[in-house]
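This report describes the fold of one protein chain for a reader who is new to structural work. Please examine the sequence and the structure shown here before reading on.

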Amino acid sequence: GFGEALARDARHVPALLGRGNSRQMLGDDVGAIADYEAVTAIDPQEAVPYVNRGTIRYLRSEFSQAERDYDAALERNETCIEAWIGTGLVRWKLEDPTGAVRALDRALQLAPDELKALLKRAEIKRRCGDKPGAHADFERAVKAHPESAEALVRRGYSWMDKERYAEGLA
């Protein structure tokens, strides 16, 4: 496992990332962050540890710190979809819907069918009163991911917003 690999080579980046990911899944945020910071010390140009650390900080409601991590990831890899999505989520939490939509737009330029970005952008549009724009994004999400129950449910609520209840029941 990761521990054995790191016992042989303490600077093995994939093992540090894997152990950090495992620690994160087990709820050991402190250990995960330590592993991600070890990776940044070894390979400062690697974007992944910044995204992963940003995700932990986002989940801990440390939005300003998460934003700095996502920015650092994007400085290293401007096509990192997860960093753009993370930036969108953080901007929304920091009450910047325009910045949130802009970041999610960038994620969708890079990956047009990215479900998480489509659903979050649609929800932001919906909450900001752009119900036609939200509905278009929900439709796009369902078209790209017909197996997604979440996309179908959210589109159902969008139909309700339009007072088209029969379509919402379908």
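Which residues have the most contacts inside the largest nonpolar core? They are Tyr58, Tyr70 and Ala83, in a core of 33 residues. It should be noted that the model under discussion is predicted.

**The chain as a whole**

The secondary structure consists of 11 helices and 0 strands. The C-alpha trace spans about 60 × 30 × 25 Å along its principal axes. The chain has 170 residues, of which 43% count as buried. When contacts between residues at least 6 apart in sequence are considered, 38% of them join residues at least 24 apart.

**The nonpolar cores**

In soluble globular proteins, nonpolar side chains tend to be buried together. In this model, the largest nonpolar core comprises 33 residues. The elements that contribute two or more residues to this core are α4 (48-59), α5 (63-76), α6 (81-93), α7 (97-110), α8 and α9 (131-144). Another core, of 10 residues, lies apart from it; Val13, Leu17, Ala32 and Tyr36 are among its members.

Ala83 offers a closer view of the largest core. If residues up to four places away in sequence are not counted, Ala83 touches Val51, Tyr70, Ala73 and Leu74.

**The packing of α8 and α10**

How are α8 and α10 oriented relative to each other, roughly parallel or roughly antiparallel? Helix α8 (residues 115-127) packs against helix α10 (residues 149-161) at an angle of about 20°, and their axes are 11 Å apart. Angles under 35 degrees count as roughly parallel, and the two helices α8 and α10 are therefore described as roughly parallel to each other. The crossing of α8 past α10 is left-handed.

On the α8 side, the contact involves Leu115, Leu119, Glu123 and Arg126; these meet Glu150, Ala151, Arg154, Tyr157 and Asp161 of α10. Sorted by character, the residues of this contact comprise 4 nonpolar, no polar and 5 charged.

**Positive phi values in two loops**

Two residues other than glycine are listed below with their positive phi values.

| Residue | Phi | Loop |
|---|---|---|
| Serine 61 | near 65° | between α4 and α5 |
| Glutamate 95 | about 60° | between α6 and α7 |

Is glutamate 95 buried or exposed? Its relative accessibility is 71%. Because exposed means over 50%, glutamate 95 counts as exposed.

Definitions and conventions:
Residues numbered from 1 in each chain as written. Predicted model: local features only at pLDDT ≥ 70, side-chain atom pairs only at ≥ 80, totals over all residues. Heavy atoms only, no water. Axes fitted to C-alpha atoms, helices over the stretch in contact; angles between N-to-C directions. Helix = DSSP H or I, 4+ residues; strand = E, 2+ residues; numbered from the N terminus. Parallel < 35°, antiparallel > 145°, perpendicular 65-115°, else oblique. Left-handed = near helix turned anticlockwise from the far one by under 90°. Contact = heavy atoms within 4.5 Å. Nonpolar A, V, L, I, M, F, W, Y, C, P; charged D, E, K, R; others polar. Core = buried A, V, L, I, M, F, W, Y, C linked by side-chain atoms within 4.5 Å. Buried < 20%, exposed > 50% of the residue type's maximum accessible area, 1.4 Å probe, protein only.
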